[in-house]
Structure formats: structure tokens, C-alpha cells
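Biologist: Got a minute to go through this one with me? I'd like to talk about charges first, then backbone and packing.

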Amino acid sequence: MSEPDTFESDDRRVMPESTFGRGARMLSLPLGAAARAGVGMGRRLMGAPAAEVDAALRDAAAEQLFQVLGELKGGAMKFGQALSLFEAMLPEDIAAPFRDRLRKLQDGAPPMPSSRAQAVLRSELGTDWRRMFSEVDLRPAAAASIGQVHKAWLTDGRPVAIKVQYPGADTALASDLRQIQRLAAAVSPLTGGLDVVALTRELAARVSEEVDYTREGAAQQQVSEALVGHPRFVVPAVHLATRRVLVSDWVDGEKLTSLIGKPDAVRNRSALDYVTFLFAGPSLSGILHGDPHPGNFLVTPDGRLGVVDFGLVSRLPNGLPRAMGELIRHAVDRDADSMLAGLEEEGFVRGDLGAQDLLDYLSPFVEPARVEEFAFNREWAQGQFARVHGDARSDGVATSLNIPPEYGLIYRVWMGGIAVLSQLDVRAHFAQVLREYLPGFAGAEAS
């Protein structure tokens with residue numbers, strides 16, 4: 001039976017799923033892996049080809065992992081979305097069975113029942129919340145990690161997006177992340193070596209900010225006002241924000257991942273807008289958008305880039321750090337001694353390293369900045385991923401490098417942006433973006 005097109009009356013109190021229930025689902029991941037391993041050994045003993053068995057086990061692992069993550073939402077969903085962002089860097093034999101499920105996880109989650117959405121709206125906006133809108137579409141337009149979006153129309157006819165946080169998302173998010181950090185070692189074999197422990201630690205540190213929509217609304221409105229009338233970017237203006245409800249302008253468009261398979265010119269243009277926004281945001285608005293997964297970026301009918309979801313941001317009123325631009329310029333110029341000295345001063349080096357060894361290790365990371373136009377693709381990204389993890393031995397360069405806290409989100413955006421460009425298989429004028437929007441990069445070049 002289809003649901004009505006307006007929120008129905010429902011006075012039931014909404015309680016979050018118990019921590020025990022969520023923990024039990026998370027614990028099903030390593031237990032399921034153990035069971036599959038036993039089945040796989042049995043099939044091998046019965047004569048099934050090893051490659052066929054391994055492929056079937058990977059497919060079953062992917063199915064279970066993302067079914068559990070999708071149902072839990074919260075921290076588990078964010079974990080899955082982060083994996084989907086780095087999918088381009090995984091070896092093909094591991095990435096293949098995960099790719100479709102990862103992309104589905106990026107785009108959404110099982111929707112919240114209408115009664116729960118209404119309960120949140122009533123709690124946050126008052127019992128007469130419907131008077132704000134002439135119409136509300138009950139079917140979720142998008143479902144993400146800690147909330148879902150409904151399309152609605154204000155009384156003056158303007159379309160808006162109502163972002164409603166899942167009941168109990170704040171406590172559930174914290175619980176999920178604690179569970180994931182405990183289970184990261186069990187999940188990591190499925191990711192081809194991705195350091196999920198460090199990834200989940202970084203996500204956990206941002207929990208308190210992402211569950212407060214008033215903070216998100218303030219950041220989004222700051223960027224929206226700074227970009228009014230911009231020829232390449234559009235950020236929806238905010239109409240109202242409470243801790244669990246955010247109302248902003250509706251933006252029509254196709255998700256960035258829809259570019260896959262489109263003509264090179266179309267794909268390259270929108271991809272360049274995407275990476276430009278990531279680096280231009282701090283200088284244009286004082287805000288770094290910290291969640292570069294492609295579900296947050298839309299290609300609008302007029303060809304501009306629509307940007308949503310400002311829950312994870314860094315406030316950088318003076319733009320990106322000048323030292324970052326200078327360090328990348330030293331690497332581009334192959335000035336090993338200056339690069340090492342700068343990295344030590346900024347806190348990136350925590351051990352004894354030879355300048356040339358460090359330059360050799362970091363050079364591929366700045367390869368896109370050395371040429372006017374760089375071709376990003378999965379093969380290149382996978383090569384860098386394999387090289388980095390191949391160096392993760394006890395005496396490798398990687399073990400002597402550190403990411404200072406103030407650079408944590410910047411590093412995520414840099415690596416995430418490159419991963420998305422590689423997924424899209426684009427050619428982009430990356431160096432020009434750095435010259436325009438990364439302080440210290442062009443200045444050092446000119447000198």
C-alpha cells in the first residue's frame with residue numbers, strides 16, 4: 001500500500017535502536033567472515049577451483065558487509081561511504097565485487113518511516129510545523145548517514161529540501177563508531193589494506209559537529225552567501241536550522257557519479273569544477289567542505305556544480321595554509337632539502353628521514369601538480385595505493401610521517417578528491433587550480 005503524500009498524525013515516541021542490537025549486527029561481520037571461510041575450505045576440499053571459491057567468498061562478504069552497514073546508518077554508514085570514496089584505489093580483484101554495493105551505499109540507505117520523520121519535525125519545529133509548507137513529499141529524496149531529505153514547498157511556492165535527522169542518531173553514531181573501531185582489524189582484509197583504523201578514528205573525532213544541524217546550517221549559509229551568482233557553483237541558501245532539522249533551497253541536478261560514461265568534455269568540465277570547489281572554498285568563503293564523496297555534488301541543468309551537506313567542515317578564514325602550498329611547490333621543484341625542512345617545521349615528520357628518500361616517496365602524490373593537464377584514472381590511483389602500502393614496513397618512509405591535526409581534514413579532502421577524479425577517469429588542469437587557490441604554490445613558483 002502506498003503512503004499518503006503528507007505526513008500522517010502519529011504521537012508515538014521514537015526510541016533509537018538499542019546499543020546491544022546495533023552491536024550484535026556489527027559483530028555479525030567477523031562471525032560471518034569466519035563462517036564463509038569454513039564453507040570455502042569445505043568447497044575446496046570437494047574439488048571446487050580456488051579462484052572460483054575466493055571470488056564467491058568476496059562477493060558474499062561484500063553483500064553482508066554493506067547490508068549491515070546500510071541498515072545501521074550512523075557511523076557504520078559513514079564508514080561504508082568512506083570506503084566507497086576510496087574504491088578507485090583498491091586492487092581490481094577486491095574492488096570488483098564491492099563496487100556496485102559501495103555506490104549504492106554512497107547514494108542512500110533504507111528510508112526512515114514517515115511516523116518517525118514527523119515526530120522529529122514536531123519535536124523540533126512545533127506541533128504546527130505544517131503551516132510552514134504548502135506541500136511535503138513523504139517519499140525521501142535522499143537518505144544518508146545520519147538523516148534523510150524530503151522535498152517540500154514553502155507557502156510562497158519555492159521548493160526546499162527538509163533534512164531530518166534520524167531519531168537517536170547522535171547516541172547511535174557514537175556507539176557505531178566505537179564498535180567499528182574495535183572491529184576495524186576484522187574488516188580491513190576486505191579493503192585491500194586500507195587503514196580503516198585511522199579512518200574511523202578521524203570520523204569519530206567529528207561526531208559532535210556532524211549531529212548538530214545548527215552548525216551545519218551556519219556553515220552552509222556562509223558559503224551560500226559568498227557564492228551568490230557564481231558562474232560555476234551553487235550552494236542552497238538556508239531557511240531554518242535546528243539541532244535535528246535543516247531547511248534549505250532545493251537544488252535540481254544529477255549526482256557527480258552520473259558523469260561516468262558521458263563524453264570526455266562533459267566529464268572533464270564538471271570534474272574540474274568539483275576539484276576547484278574543494279580547493280577554492282576556503283579562499284572564497286572561509287570554509288573547507290570536508291566530505292568530498294560524490295553524493296554531495298550535483299551537476300545542475302545549467303551545468304553548474306551544486307554542493308550540499310556541510311556537516312563536516314573546517315573553518316579557514318585565511319584560506320588553505322600557505323605552508324601547504326610552499327611544501328607542494330618544493331616537491332614539484334624537486335627541492336628535497338627545503339621540502340624536508342618545511343615538513344619537519346609543520347610537524348609532518350616524526351623520525352629521521354633522508355631528504356631524497358622522502359622526496360622519492362612523496363613525488364607521485366604531487367605528480368598531478370607537475371603538468372598542466374593530468375589524466376586521473378583507476379590504474380594510476382591503484383598504483384599509488386599499492387606503492388604506499390608496500391612501503392608500510394617498519395623501516396619504511398611511511399612510518400616516519402605524521403598528519404598534524406590541523407591538516408587532517410585537508411588531507412582527507414586532497415586524497416578524497418583525487419580518488420573521485422580517478423573514479424571518473426578525467427583529465428584536469430589540476431596545477432592551475434593550485435596556482436589560483438592554494439596560497440604559497442604560485443608565489444614560490446614566481447620567485
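Biologist: Glutamate 372: buried, partly exposed or exposed?
Modeller: Glutamate 372 is partly exposed, with a relative accessible area of 43%. Buried means under 20% relative accessible area, exposed over 50%, and partly exposed is in between, using a 1.4 Å probe and protein chains only. Keep in mind that this is a predicted model: local features need pLDDT of at least 70, side-chain atom pairs count only at pLDDT 80 or more, and totals for chains, interfaces and linings use all residues. Residues are numbered from 1 along each chain as its sequence is written, and side-chain values use heavy atoms, with hydrogens and water left out.

Biologist: Which side chain does glutamate 372 meet in a salt bridge?
Modeller: That of arginine 435, at 2.8 Å, N to O. A salt bridge here is a side-chain nitrogen of Lys or Arg within 4 Å of a carboxyl oxygen of Asp or Glu.

Biologist: Where do the two residues sit?
Modeller: In distant parts of the chain, 63 residues apart. Glutamate 372 is in the loop between helix 13 (355-362) and strand 13 (374-375), and arginine 435 is in helix 16 (residues 430-437). Helices (H or I, at least four residues) and strands (E, at least two) are DSSP runs, numbered from the N terminus.

Biologist: And how accessible is arginine 435?
Modeller: Arginine 435 is partly exposed, at a relative accessible area of 22%.

Biologist: How many salt bridges by that rule?
Modeller: The count comes to 15 salt bridges. One of them joins glutamate 216 and lysine 163, at 2.8 Å, N to O. Glutamate 216 lies in helix 9 (residues 213-226) and lysine 163 in strand 4 (residues 159-165), so this pair ties together parts that are 53 residues apart in sequence.

Biologist: Are those two buried or exposed?
Modeller: Both glutamate 216 and lysine 163 are buried.

Biologist: Which residues make up the network of salt bridges with them?
Modeller: Lys163, Glu216 and Asp309 are linked in that network. Aspartate 309 is itself buried, with a relative accessible area of 17%.

Biologist: Where is aspartate 309 found?
Modeller: In the loop between strand 11 (305-307) and strand 12 (313-315). Look at its backbone too: phi of aspartate 309 is near 65 degrees, a positive value in a residue other than glycine.

Biologist: Why flag a positive phi?
Modeller: Because most residues other than glycine have a negative phi. Arginine 334 also has a positive phi, near 60 degrees. Arginine 334 lies in the loop between helix 11 (322-332) and helix 12 (336-346), and is exposed at 54% relative accessible area.

Biologist: Now packing. At what angle do helix 11 and helix 12 pack?
Modeller: About 155 degrees, with their axes 8 Å apart. That makes helix 11 roughly antiparallel to helix 12. Axes are lines fitted to C-alpha atoms, for helices over the stretch in contact, and angles run from 0 to 180 degrees between N-to-C directions; angles over 145 count as roughly antiparallel.

Biologist: Which residues make the contact?
Modeller: Helix 11 gives Ala323, Leu327, His330 and Ala331, and helix 12 gives Ser338, Met339, Gly342, Leu343 and Glu346. Contact means heavy atoms within 4.5 Å.

Biologist: Back to charges. What does arginine 322 pair with?
Modeller: Arginine 322 forms a salt bridge with glutamate 326, the closest N and O atoms being 3.2 Å apart. Being four residues apart in helix 11, they are separated by about one helical turn. Arginine 322 is partly exposed at 47% relative accessibility, and glutamate 326 is partly exposed at 31%.

Notes
Parallel < 35°, antiparallel > 145°, perpendicular 65-115°, else oblique.
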